[in-house]
Amino acid sequence: MNFFKKIFSSEKKEDLDKGLEKSSTSFLSKLTKAVAGKSKVDDDVLDNLEEILVSSDVGVNTTLKIIQRIEARVSNDKYLGTDELNKILREEIAGLLSETNSGEASEFEVPKDKKPYVIMVVGVNGVGKTTTIGKLANQFKKSGYSVVLGAGDTFRAAAIDQLQIWADRVGVPIIRQQMGSDPASVAFDTLQSAVAQNADVVIIDTAGRLHNKVGLMNELTKIKRVMEKVISDAPHDVMLVLDGSTGQNAFEQAKQFTAATEVTCLAVTKLDGTAKGGVVIGISDQFQIPVKYIGVGEGINDLQVFNKYEFVDSFFK
Ligand SMILES: Nc1nc2c(ncn2[C@@H]2O[C@H](COP(=O)(O)OP(=O)(O)O)[C@@H](O)[C@H]2O)c(=O)[nH]1
Ligand SMILES: [Mg+2]
């Protein structure tokens, strides 16, 4: 049993290494340049480090936090060598991630005291909501849970059809109404159906229109309120999906959505093929919201449970 677990997790780690390759290569090559010819961590090195972290999409506030922590270590140890900088950075970043990402989860699990466990998925168009829902349904199903999907993005017919394709692919039921119908009503039907089927997990898709913030806020609030009529403490998670490859834009979206609704966790997608993986560190720190899942490709298996230690390790590879 342990043997297989090990194989599985090392495969997962390889996928993560591959997914973060661009971020890590870009970050480490800048770091190498910054310390070239320097043996000690001095003000110059710290200035360069600040620039590197900001340009790696860690964000200004989180960068300043990291720099302050390293400064504190330098003032304790004036002869801190640049050869140690890599290790110290790793420690500080892992420490920062630990403040919001307490668990060390590596499996797709459902809280034992929630049945069904209800996740409402929010985020702007194109970030990967529907894809992430499909991948997540697949993982939950593989872990032995029964899953029901709700097609709450009723804005476009194509959005409903896209979720239907994922439902068919994974082999899980979907509750849908026609295009233009009330998303709150779809959420209500989905929860009722899930309760009737004694399902373990419900995942509700939503539309990602942001052009009218008040409209969006009202709509999300209404969907949540209607869910409470069926299951008093639902949704148990409001998961904001962010496209990691958009860098600073993802910060802006996190700001708007956390103002509009109570976001309880994050999924950061498209970390493959981008050098902006640093956003995971910055967004989690700045918004004090745990990152639950990360997307590392378009395939059905390209979703991982976020593990801060694995992430930092791959980022520094
Ligand atoms: N490379 C990559 N593409 C992704 C990932 N997640 C989603 N996508 C792609 O992003 C595009 C938009 O995804 P979609 O789920 O429709 O976004 P939605 O509008 O938020 O529902 C699709 O082409 C997906 O295949 C990921 O982790 N990596
Ligand atoms: Mg969608």
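Student: How many of the residues of the chain count as buried?

Tutor: In this predicted model, 53% of the 317 residues of the chain count as buried.

Student: Why is Asp200 in particular called buried?

Tutor: The relative accessible area of Asp200 is 17%, and the word buried applies to values under 20%, so Asp200 meets the criterion. Asp200 lies in the loop between helix H8, residues 183-197, and strand E4, residues 201-204.

Student: Which residues are in contact with Asp200, once its neighbours within four places in sequence are left aside?

Tutor: Asp200 is then in contact with Val110, Lys114, Lys115, Pro116, Tyr117, Gly144, Tyr145 and Ser146.

Student: What makes the approach of the side chain of Asp200 to the backbone nitrogen of Ser146 a polar contact?

Tutor: The side chain of Asp200 reaches that nitrogen of Ser146 at 2.8 Å, and the cut-off for such a pair of atoms is 3.5 Å, so the distance satisfies it.

Student: How do you know that the chain is as compact as a globular protein of that length?

Tutor: The chain holds 12 helices and eight strands. Its radius of gyration is 21 Å, which is close to the 20 Å that the globule rule gives for 317 residues, and the chain is therefore as compact as a globular protein of that length. Along its principal axes the C-alpha trace spans about 65 × 50 × 30 Å, and among contacts between residues at least 6 apart in sequence, 77% join residues at least 24 apart.

Student: What surrounds ligand 1, and which residues are the closest?

Tutor: Ligand 1 is surrounded by 17 residues, of which Gly126, Lys129, Thr131, Asp272 and Glu298 are the closest. The shell divides into three nonpolar, nine polar and five charged residues, and helix H6, residues 129-142, gives the most to it, with four residues.

Student: What makes the pairs between ligand 1 and Gln162, Lys270 and Asp272 polar contacts?

Tutor: An oxygen atom of ligand 1 is 2.9 Å from an N or O atom in the side chain of Gln162, an oxygen atom of the ligand is 3.0 Å from a polar backbone atom of Lys270, and a nitrogen atom of the ligand is 2.8 Å from an N or O atom in the side chain of Asp272. A polar contact requires N or O atoms within 3.5 Å, so each of these pairs qualifies.

Student: How much of what ligand 1 exposes when taken alone does the protein bury?

Tutor: Taken alone, ligand 1 exposes 580 Å², and the protein buries 80% of that.

Notes: Residues numbered from 1 in each chain as written. Chains lettered and ligands numbered in written order. Predicted model: local features only at pLDDT ≥ 70, side-chain atom pairs only at ≥ 80, totals over all residues. Heavy atoms only, no water. Near = heavy atom within 4 Å. Polar contact = N/O pair within 3.5 Å; in protein donor to acceptor, adjacent residues only side chain to side chain. Areas by Shrake-Rupley, 256 points an atom, 1.4 Å probe, with all protein chains shown as cover. Helix = DSSP H or I, 4+ residues; strand = E, 2+ residues; numbered from the N terminus. Nonpolar A, V, L, I, M, F, W, Y, C, P; charged D, E, K, R; others polar. Rg over C-alpha atoms; globule rule 2.2 N^0.38 Å. Buried < 20%, exposed > 50% of the residue type's maximum accessible area, 1.4 Å probe, protein only. Contact = heavy atoms within 4.5 Å.
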